[in-house]
Amino acid sequence: MSMTEVQLLLDKYKNGRISQEELLRFQEIIAGNDYEPEIKADILSALYNNRTPQSGWTEEDGEAVLQQILQTPSPATGGKTRRVVWYAAAATLLGATLLTGAIYMNRQQQPVIAAARKSNPLAPGTNTAVLVLADGSTIPLDSANTGALARQGNSSITNSAQGLAYKADGTARDIVYNTVVTPRGGQYQLTLADGTLVWLNAASSIRFPTAFTGKERLVEISGEGYFQVAANAQQPFKVKVKDNPGMEVNVLGTSFNIMAYSDEQAITTTLETGAVQLVYGSSKSMLQPGFGGRLSAGSDAFTIEKADLEQALAWKDGKFRFRNTSIQTIMRQMARWYNIEVAYEGDLSDIRLTGIISRRENAASLLKILSATKLVHFDINDNRVVVTPYDPQQ
């Protein structure tokens, strides 16, 4: 399961729309501990991103809320069982916070400063993420939290308007890993210790060493990211896909995009400059600039074809760009960026659309443009969008 699916289940839990089957699946995921940093980061990011001046919400308040929820489990209670309770409590608390504006932590009714409901549920995403340090502690990343943040291993970490940056001092003795997680409705940029630039799209994560040692530079991604890799022939750069461990991209120095959302039909790597090698088990394929490689679900070989660079890289440039794109693909992109819930009614299998719009516009503007084609209709209720075929009688 991908982080995108985990976040969808978390959103459904917070909104009270999760089914019994989905709840059992969510509990199994939490107990398995594979996504603990990302789930914790998602909860913390939601707490921070929904604070308003009127509420009096501060970063210290958010951290206090999270720490009261996520208490260290005692061996006597059993870690996995307790962990399920942690995140169930956290999700419930967050949902109640967003819906009611005031909550109580326990039976003694200790008051907690609450975040207000998002005033415009169709507003575009922002530059926001959460940094998960090696010890599991978290730091919110946004324009309000800048300057020196922490030190990990022999690397110092700073945050600025240009994003997160790592600077290694001397030779690293121990390998220390950090993770940056973007929620639905968030994106972020970071500079790794070797100078590689990474743009992380919504509902994505990247795990990386704070300094690169050894014969290769290895990072792990879920969701979507654009890389401008610093050249170093003696230390090749490799990107592994978290939700498909057999898939990796081998790089020397180049710029490319990789989209590995599990709710898409394929993992797609698009090469802008340089050269990369795609690897999946025994299958290997080289990409030339302007080409893309697709690894479809259930396939063990790559499909190489000429890429639409403008469409593949539009998100990094702050745009939505669609060319004969299915409505389902369009809505998946919108759901991640605007953090909306999408449902479908009727036969939409043949609807494909073309258009371009800034990601700074709210969702209503994009839906209006798509509606103008008279091929599709949207019913909007808060942050839920129902998509149906266009009916002239509506």
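This talk goes through the strand pairing, the nonpolar cores, one helix with its sheet, and the salt bridges of a predicted model.

I start with strand β10, residues 186-191. Strand β10 pairs in the parallel sense with β3, residues 126-127, over two bridges. In that pairing, Asn 127 stands opposite Gln 187. Strand β8, residues 163-168, also runs parallel to β10 and is joined to β10 by two bridges. There, Ala 165 is placed opposite Thr 191. The third pairing I want to show is with β11, residues 197-200, which is antiparallel to β10 and has four bridges to it. Tyr 188 has Leu 200 as its bridge partner in β11. The hairpin of β10 and β11 has five residues between the strands, and Gly 195 in this hairpin has a positive phi near 95°.

Next, the cores. In general, nonpolar side chains of soluble globular proteins tend to be buried together. Here the largest nonpolar core has 38 residues. Which residues have the most contacts inside it? They are Leu 164, Val 180, Phe 227 and Phe 256. If we leave aside neighbours within four places in sequence, the contacts of Phe 256 include Phe 227, Val 229, Val 239, Val 249, Val 251, Leu 271 and Val 276. Glu 272 and Thr 269 are also among the contacts of Phe 256. A second core, separate from that one, has 24 residues, among them Phe 320, Leu 353, Leu 366 and Val 387.

Now helix α7, residues 327-338. At 1.5 Å a residue, its twelve residues should span 16 Å, and the end C-alpha atoms are 16 Å apart, so the two agree. Is this helix enclosed or exposed? Ten of its twelve residues are buried, so α7 is largely enclosed by the rest of the structure. The buried residues include Arg 332 and Arg 336, along with Ile 330, Met 334 and Trp 337. After the helix comes Asn 339, with a positive phi near 55°.

The sheet beside this helix is open and has three strands, in the order β23-β26-β25, with mixed pairing. The edges are β23 (341-344) and β25 (376-381); each has a single partner strand, so one side of each is left without a neighbour in the sheet. On average, neighbouring strands are turned by 25° against each other, direction ignored. Strands β25 and β26 (residues 384-389) run antiparallel, joined by six bridges. Phe 378 has Val 387 as its bridge partner in β26. Helix α7 packs on this sheet and touches β23, β25 and β26, with its direction at about 160° to that of β23. Helix α8, residues 363-371, packs on the sheet too, touching β25 and β26, and its direction makes about 155° with that of β25.

Last, the charges. There are 13 salt bridges in the structure. One of them joins the side chains of Lys 238 and Glu 216, at 3.1 Å from N to O. That pair links distant parts of the chain, 22 residues apart: Lys 238 is in strand β14, and Glu 216 is in the loop between β12 and β13. Lys 238 also forms a salt bridge with Glu 248, at 4.0 Å. Glu 248 lies in β15 and Lys 238 in β14, so this pair ties together parts that are ten residues apart in sequence. Glu 248 is buried, at 12% relative accessible area, whereas Lys 238 is partly exposed, at 21%. Glu 216, Lys 238, Lys 240 and Glu 248 are linked in a salt-bridge network.

Conventions: Residues numbered from 1 in each chain as written. Predicted model: local features only at pLDDT ≥ 70, side-chain atom pairs only at ≥ 80, totals over all residues. Heavy atoms only, no water. Pairing = 2+ DSSP bridges. Core = buried A, V, L, I, M, F, W, Y, C linked by side-chain atoms within 4.5 Å. Buried < 20%, exposed > 50% of the residue type's maximum accessible area, 1.4 Å probe, protein only. Contact = heavy atoms within 4.5 Å. Expected span 1.5 Å × (residues − 1). Axes fitted to C-alpha atoms, helices over the stretch in contact; angles between N-to-C directions.
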